[in-house]
Amino acid sequence: MSGFVEKPEPVQVPGLVHLHTGKVRDLYRDAEGRLVMVASDRISAYDWVLPTPIPDKGRVLTRLSLWWFEQLADIVPHHVISTDVPEGAPADWEGRTTVCLDLSMVPVECVARGYLTGSGLVEYDAHRTVCGLALPEGLVDGSELPAPIFTPATKAEVGEHDENVSYEEVARRTGAETAAELRQQTLAVYGRARDIARERGIILADTKFEFGHDADGRLVIGDEVLTPDSSRFWPADSWEPGRPQPSFDKQFVRDWLTSPASGWDRTAEVPPPPLPDEVVEQTRARYVEAYERLTGTPWQ
Ligand SMILES: Nc1ncnc2c1ncn2[C@@H]1O[C@H](COP(=O)(O)OP(=O)(O)OP(=O)(O)O)[C@@H](O)[C@H]1O
Ligand SMILES: [Mg+2]
């Protein structure tokens, strides 16, 4: 079992058509055919959208993505049009709204990895490959790879795991030309972002992008970019291959959910419980710290 513990009702705004309630973002279309993306404070873990929001999380994700889109603008066109809150929308949408191009999304999660961990490590341990790409012997959890690799995945529905796929599979699904472009763009953007993060004492271990085609058939980067939800950021000063790395994300949430304190059994067919205030506060602080360290500007 998985999904939303409590699925939120979409907000009705005159002039906007509700399209989709994602795990974190709500999507609407405005009268001009633009997409209005509203990042909520929802947080997901273990394939569940938890019942407890993390205050400011949606604003952190929105502002951090906007900052990154600007850093990357000379490498890849992005989907952002404005951050104006549509007329008649709740005041709470301020800071969490991105008005963007309504892209025809490519159904591939474009992952770049510079370090080995997570599902990459699982495949490596079994086959010495990641997404079918051969890697050298002797790598451990947290090892830097000889060079960054493109490790695409197929996008799953809420409650399902994304599945790693080979480059050939991407080419079958999208066509050879788009697949080549996705790989090239993903690695170019990863390389730039890794260098920027490194200057700020943060390792960008891996990250996921989503691309889509605009009305002119141009490949554009969309969704959120380089946030703690879409990326693994590790503090560089405590990086030590051979063990799981501390990271700027949901670690407090995962640790608490799997601890006896939560009383929750991940393997049982029951939704996770609400988070205690302390876990909420620690998690909020982690997201804010990631924003502040990466952008070099204070949150408020
Ligand atoms: N410019 C865009 N045009 C069209 N769709 C977009 C654009 N940018 C992002 N999207 C889509 O908006 C949705 C954002 O929702 P959200 O990330 O909250 O949920 P999700 O993708 O269902 O879950 P998760 O990201 O956790 O797997 C995604 O389906 C994404 O593909
Ligand atoms: Mg998403």
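Visitor: Which residue has a polar backbone atom 2.9 Å from an oxygen atom of ligand 1?

Guide: This is a predicted model, and several backbone contacts to ligand 1 can be listed from it. An oxygen atom of ligand 1 lies 3.2 Å from a polar backbone atom of Lys23, and a nitrogen atom of ligand 1 lies 3.0 Å from a polar backbone atom of Leu103. The distance of 2.9 Å, again from an oxygen atom of the ligand, leads to a polar backbone atom of Val24.

Visitor: What percentage of the accessible area that ligand 1 has on its own does the protein cover?

Guide: The nitrogen atom of ligand 1 that is 3.0 Å from a polar backbone atom of Leu103 marks one contact with the protein. On its own, ligand 1 has 620 Å² of accessible area, and the part covered by the protein is 88%.

Visitor: How many residues surround ligand 1, and which are the closest?

Guide: By class, the shell has 7 nonpolar, 3 polar and 7 charged residues. Strands S3 (25-29), S4 (35-39) and S16 (202-213) each supply at least two residues of this shell. In total 17 residues surround the ligand, and the closest are Arg25, His79, Leu101, Lys155 and Glu210.

Visitor: In which sense do S2 and S3 pair, parallel or antiparallel?

Guide: Strands S2 and S3 form a hairpin, with 3 residues between them. Within this pair, His18 stands opposite Tyr28 in S3. Strand S2 covers residues 17-21, and its pairing with S3 over 4 bridges is antiparallel.

Visitor: Which strands stand at the edges of the open sheet that has the order S1-S6-S5?

Guide: The open sheet has 3 strands in the order S1-S6-S5, with mixed pairing. An edge strand has a single partner strand, so one side of it is left without a neighbour in the sheet; this applies to S1 (3-4) and S5 (44-45).

Visitor: Which residue in S6 does Gly3 stand opposite?

Guide: Strand S1 is joined to strand S6 (residues 48-49) by 2 bridges, and the two strands run parallel. In S6, the residue opposite Gly3 is Trp48.

Visitor: Which residues lie nearest the centre of the second largest pocket?

Guide: The second largest pocket holds about 360 Å³ of space. Its lining divides into 11 nonpolar, 3 polar and 8 charged residues. Of the 22 residues in that lining, those nearest the centre are Pro8, Asp26, Ser40, Asp41 and Arg42.

Visitor: How much space lies in the largest cavity?

Guide: The structure holds 1 cavity of 30 Å³ or more. Its lining comprises 15 residues, with Met37, Thr62, Ser65, Thr98 and Asp223 nearest the centre. The space in this largest cavity is about 90 Å³.

Visitor: Which element gives the most to the lining of the largest cavity?

Guide: By class, the lining of the largest cavity has 7 nonpolar, 4 polar and 4 charged residues. Among the residues nearest the centre of the cavity is Met37. The elements that give two or more residues to the lining are strand S4 and helix H1 (57-72). The element that gives the most, with 5 residues, is H1.

Key. Residues numbered from 1 in each chain as written. Chains lettered and ligands numbered in written order. Predicted model: local features only at pLDDT ≥ 70, side-chain atom pairs only at ≥ 80, totals over all residues. Heavy atoms only, no water. Pairing = 2+ DSSP bridges. Near = heavy atom within 4 Å. Polar contact = N/O pair within 3.5 Å; in protein donor to acceptor, adjacent residues only side chain to side chain. Areas by Shrake-Rupley, 256 points an atom, 1.4 Å probe, with all protein chains shown as cover. Nonpolar A, V, L, I, M, F, W, Y, C, P; charged D, E, K, R; others polar. 1 Å grid on protein atoms, 1.4 Å probe; cavity = no way out; pocket = protein on both sides within 12 Å on 5 of 7 lines; lining within 4 Å. Points joined across faces, edges and corners; volume = space filled by probe spheres on them.
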